[in-house]
Amino acid sequence: MPAKSQSLGERLDLVRVKLRSEVRITPKIALVLGSGLGGFADTLEESVAIPYEEIDGMPVSGVEGHAGNLVFGRVGGVPVVAMQGRVHLYEGFGPDEVVFGTRLMIRMGARSLIITNAAGGIADHLDVGDLMVLSDHINLTGRNCLVGPNDKTLGPRFPDMTEAYDGGLRDLAKVTAERLGFETKSGVYAGLLGPTYETPAEIRMLRTLGADAVGMSTVLEVIAARHAGARCLGISCVTNKAAGLSPDKLDHSEVQDTANRVQSRFTSLLRAVIGEAGAA
């Protein structure tokens, strides 16, 4: 008789066991660090970085600004694991590949996910350089990582997405930023397939649909995390005004430049939020 094929949960468990032989930290909080924001992983204490190429099943991004390491460490004593860079649907990866790292970090023990991205600002209340705490998202990628047979060891067949982004974590991010001396914004993130930036007509459509910012990531990872029962906090760095809202043409270098400019503020917010959430 042919051997029974391994389930996704079983494959994740095999990777977890292998990583356990290299890393002793059991993370409480997982992080996904987007374009230009991966430098936060370099600030972790007692850090151990494992290149994606050395992790079975882990896809590797070819996009500039995504280093490609799974980094274990501590933030003020709180054990964390961070994806220093991510892969995207527009690179040709499937939904399961896009969320593999998120699922692995949760399988390693993380019960909360902090996910970051670079986004184009649509709403009038957003300026370039703002940090926007996600209140909700609109999945316009046309894909969902839960399509196909459901692995009950990962989560239920029909997960609830009423509160995709945890209200308590959102409030914590807002209050923490105020204590640090700056303001966060709040809004709805629209996730699109890419890789082209949106047309002005598409931005007008997104505004009508209720989107405040737009990007090419995040929504699938949050679906996977909520499927697994993890709490989620999403933070967008508004790196540019969306198409048609500025006379400038959109360029990836602008995304990286803005992310680098706000990195110290972003890092201070993440460290403080992790310290509070990890102590709870």
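## A walk through a predicted chain

Let us start at a glycine: G92 sits in the loop between β4 (78–84) and α2 (95–98). With a relative accessible area of 65%, G92 is exposed. If you pick out T239 as a second landmark, 147 residues away from G92 along the chain, you will find the two C-alpha atoms separated by 24 Å. Please keep in mind throughout that the model is predicted.

Now zoom out to the whole chain. It is built from eight helices and nine strands. Its radius of gyration is 18 Å, close to the 19 Å that the globule rule gives for 280 residues, so the chain is as compact as a globular protein of that length. Along the principal axes, the C-alpha trace spans about 60 × 45 × 35 Å. Burial and contacts can be added to this picture. Of the 280 residues, 54% count as buried. Among contacts with a separation of 6 or more, 82% are between residues 24 or more positions apart.

The outside has its own numbers. About 12,100 Å² of the chain is exposed, and carbon and sulfur atoms supply 52% of that area. As for charge, there are 28 positive and 33 negative side chains, and the centres of these two sets lie 6 Å apart.

Next, the interior. In soluble globular proteins, nonpolar side chains tend to be buried together. Here the largest nonpolar core holds 50 residues, and the members that touch the most others are L19, I55, L70, F72, L104, M105 and L113. The element that gives the most to this core is helix α6 (residues 219–227), with six residues. A second, separate core has 31 residues, including L172, L233, L269 and A277.

How much of helix α6 is enclosed by the rest of the structure? Eight of its nine residues are buried, so α6 is largely enclosed. The buried ones are V219, L220, E221, V222, I223, A224, A225 and H227, a list in which a glutamate and a histidine appear beside the nonpolar residues. Both sides of this helix along the chain deserve a look at the backbone. T218, in the loop between β8 (213–215) and α6, has a phi near 80°, a positive value in a residue other than glycine. At 0% relative accessibility, T218 counts as buried. Just after α6, G229 takes a positive phi of about 85°.

Helix α3 (residues 100–107) is also mostly covered, with eight of its eight residues buried. These are F100, G101, T102, R103, L104, M105, I106 and R107, so you will meet two arginines in that list as well. Two of the residues in α3, L104 and M105, are buried, and both are among the members of the largest core that touch the most others. Which residues does M105 contact, leaving aside its neighbours within four places in sequence? They are P27, A30, L31, V32, L70, V81, A82, M83, A110 and L113. Just after α3, G109 takes a positive phi of about 130°.

V81, one of the contacts of M105, leads on to another part of the chain. R265 and V81 are 184 residues apart in sequence, and their C-alpha atoms are 20 Å apart in space. R265 is found in helix α8 (residues 263–279) and is partly exposed, with a relative accessible area of 26%. Not counting residues up to four places away in sequence, R265 touches G129, L131 and F182.

Finally, some backbone details to check in your viewer. Most residues other than glycine have a negative phi, and most peptide bonds are trans. Against that background, E46 has a positive phi of about 55° although it is not a glycine. E46 lies in strand β2 (residues 45–51), and at 56% relative accessibility E46 counts as exposed. T218, by contrast, is buried at 0%, yet its phi is positive too. The peptide bond to look for is the one that joins G194 and P195, which is cis, with omega about 5°. P195 lies in the loop between β7 (185–192) and α5 (200–209).

Conventions
Residues are numbered from 1 along each chain as its sequence is written. This is a predicted model: local features need pLDDT of at least 70, side-chain atom pairs count only at pLDDT 80 or more; totals for chains, interfaces and linings use all residues. Side-chain values use heavy atoms; hydrogens and water are left out. A nonpolar core is a set of buried Ala, Val, Leu, Ile, Met, Phe, Trp, Tyr and Cys residues joined through side-chain atoms within 4.5 Å. Buried means under 20% relative accessible area, exposed over 50%, partly exposed in between (1.4 Å probe, protein chains only). Helices (H or I, at least four residues) and strands (E, at least two) are DSSP runs, numbered from the N terminus. Contact means heavy atoms within 4.5 Å. The radius of gyration is taken over C-alpha atoms; the globule rule is 2.2 Å times the number of residues to the power 0.38. Accessible areas come from the Shrake-Rupley method with a 1.4 Å probe; for residues, only the protein chains shown count as cover. Lys and Arg count as positive and Asp and Glu as negative; His and the chain ends are not counted. The place of a charge is taken as NZ of Lys, CZ of Arg, CG of Asp or CD of Glu.
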